[in-house]
Amino acid sequence: MWFFRSPQVVFGDEALSYLSSLPIRRAAIITDRYLLGTELPERVRGALPEGAESLAVGDVSAEPPLSEMTAHLEKVRGFSPDWFVAAGGGSSIDTAKILFALYERPDLTVYDITPLVQLGLRTKSRLIAVPTTSGTGSECTWAAVLSEENEKRKHELASPEILPDYAILDPSLVVSLPPEQTRNTAADAVAHAVEAYGSTWHNPFSDAMAEKALELISENIEGVMRDPGGLGPRGQVHIGASMAGLSFSNSQIGLVHALGHSLGATFKLPHGKAVGLLLPYVVDFNYDACPERYDRLNLLIPPKYRGRRLSDSLRSLLGMMGVARSVRDAGVEESAYASSMDTLVTLASESTGMVTNPKDSGSEDLRNIFIKAFDGD
Ligand SMILES: [Fe+2]
């Protein structure tokens, strides 16, 4: 038996204005430090129903550490929201999911957020995600990533109950995304679509989302890189990124994310940068386990980027976007990389991404992919 889980997705021009039609009285707006200084919090406030009160929790870090949660939670509890509005990138949305769960259930810790425990959320509040990047897919998933600063690792938390009630996809919120974040988050979305499609838990619903996501992103990302302010291509990539999120949320990610979380945590690389550079290497590794599926995906990439194999096409597409082609290109020093190799392999092998990858892999395989990715092809 399978489920297809999705928030209600509101998309298109002026999608943010949908907030005014919801029965919101007290909104906790969760955003990050950078966005707090922009017009975003005011735009969200302006879209709330008349008379609604709001509190901005605006000091969420990028890939937030566990230690931040206590302070955020105190603020939230003091305000007693009836809705959480996560407005920002993946870190803000992931933080809102965790705060929502712990506000609903003060007796829990983050480690209780697992699919194995029925949490009984939504007795006091609801959760809305308004992404301001196009890539993490967090607005459409029931996962949240938290970094553990002392252990230099990332915790992958998951529960169907932290899936947002609404995902609001408004392209006007992503037009000012800087090129570096546009590139990294789009690379992440491409990785989500490819990993979901190759997952051993793939199913017809996740396949449909992955195929369309890859098509929308690969057809429109060049236009976005060339004209970042163009609402049309931005909107298509924005929708594609959420579809990629729905895809992996309903089938699982794989080895790219296992290796990417490990590389990102060890060398403090942004998530999309790490998974984007690793994606073609893992696709090469996996190819013989699912050749027909990868060949089918390859046909969805526009002819100008399409090579003989999916990994060739991805190299070409990601190269156009300016994604690093190797770990060295991403700025990691060779000696530090070599001395961290055991840690990289151990962290990757503990990731949930190992479970559903189309090809089984042992520590030697992971080490070989990491070594190959250092200098590239
Ligand atoms: Fe990702």
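**Exercises on helix packing and domain contact**

In this predicted model, helix 9 (residues 271–286) packs with helix 11 (residues 310–321) at an angle of about 165°, and their axes are 8 Å apart.

**Exercise 1.** Work out how helix 9 is oriented relative to helix 11, and state which residues in the two helices meet.

*Solution.* Begin with the angle of about 165° between helix 9 and helix 11. Angles over 145 degrees count as roughly antiparallel, and therefore helix 9 is roughly antiparallel to helix 11. The next step is the handedness, and here helix 9 passes helix 11 in a left-handed crossing. Turning to the residues, helix 9 contributes G276, L279, P280, Y281, V283 and D284, which meet L310, S311, L314, R315 and L318 in helix 11. Sorted by character, the residues of this contact of helix 9 with helix 11 comprise seven nonpolar, two polar and two charged.

**Exercise 2.** Describe the packing of helix 3 with helix 4, giving the angle and the distance between their axes, and then name the residues that make the contact.

*Solution.* Helix 3 spans residues 69–79 and helix 4 spans residues 90–104, and the two pack at an angle of about 60° with their axes 10 Å apart. Helix 3 and helix 4 are therefore oblique to each other. In passing helix 4, helix 3 makes a right-handed crossing. On the side of helix 3 the contact is made by M69, H72, L73, V76 and R77, and on the side of helix 4 by T95, I98, L99, L102 and Y103. Seven nonpolar, two polar and one charged residues make up this contact of helix 3 with helix 4.

**Exercise 3.** Find how helix 5 packs with helix 8, and classify the residues of their contact.

*Solution.* Helix 5 (residues 179–198) and helix 8 (residues 255–267) pack at an angle of about 140°, and their axes are 9 Å apart. This angle makes helix 5 oblique to helix 8. The residues D188, A191, H192 and E195 in helix 5 meet L255, V256 and H257 in helix 8. The contact of helix 5 with helix 8 divides into three nonpolar, two polar and two charged residues.

**Exercise 4.** Set out the domains of the protein, and determine how much area is buried between domain 1 and domain 2.

*Solution.* The domain assignment gives domain 1 as 8–173 and domain 2 as 179–375. The C-alpha centres of domain 1 and domain 2 lie 25 Å apart. Across the interface, 21 residues of domain 1 are in contact with 27 residues of domain 2. The area buried between domain 1 and domain 2 is about 2,100 Å², and carbon and sulfur atoms give 58% of that area.

Methods
Residues are numbered from 1 along each chain as its sequence is written. This is a predicted model: local features need pLDDT of at least 70, side-chain atom pairs count only at pLDDT 80 or more; totals for chains, interfaces and linings use all residues. Side-chain values use heavy atoms; hydrogens and water are left out. Axes are lines fitted to C-alpha atoms, for helices over the stretch in contact, and angles run from 0 to 180 degrees between N-to-C directions. Helices (H or I, at least four residues) and strands (E, at least two) are DSSP runs, numbered from the N terminus. Angles under 35 degrees count as roughly parallel, over 145 as roughly antiparallel, 65 to 115 as roughly perpendicular and the rest as oblique. A crossing is left-handed if the near helix is turned anticlockwise from the far one by less than a right angle, and right-handed if clockwise. Contact means heavy atoms within 4.5 Å. Ala, Val, Leu, Ile, Met, Phe, Trp, Tyr, Cys and Pro count as nonpolar, Asp, Glu, Lys and Arg as charged, and the others, Gly among them, as polar. Domain bounds come from an automatic or database domain assignment. Buried area is the accessible area (1.4 Å probe) that two parts lose on being put together, summed over both.
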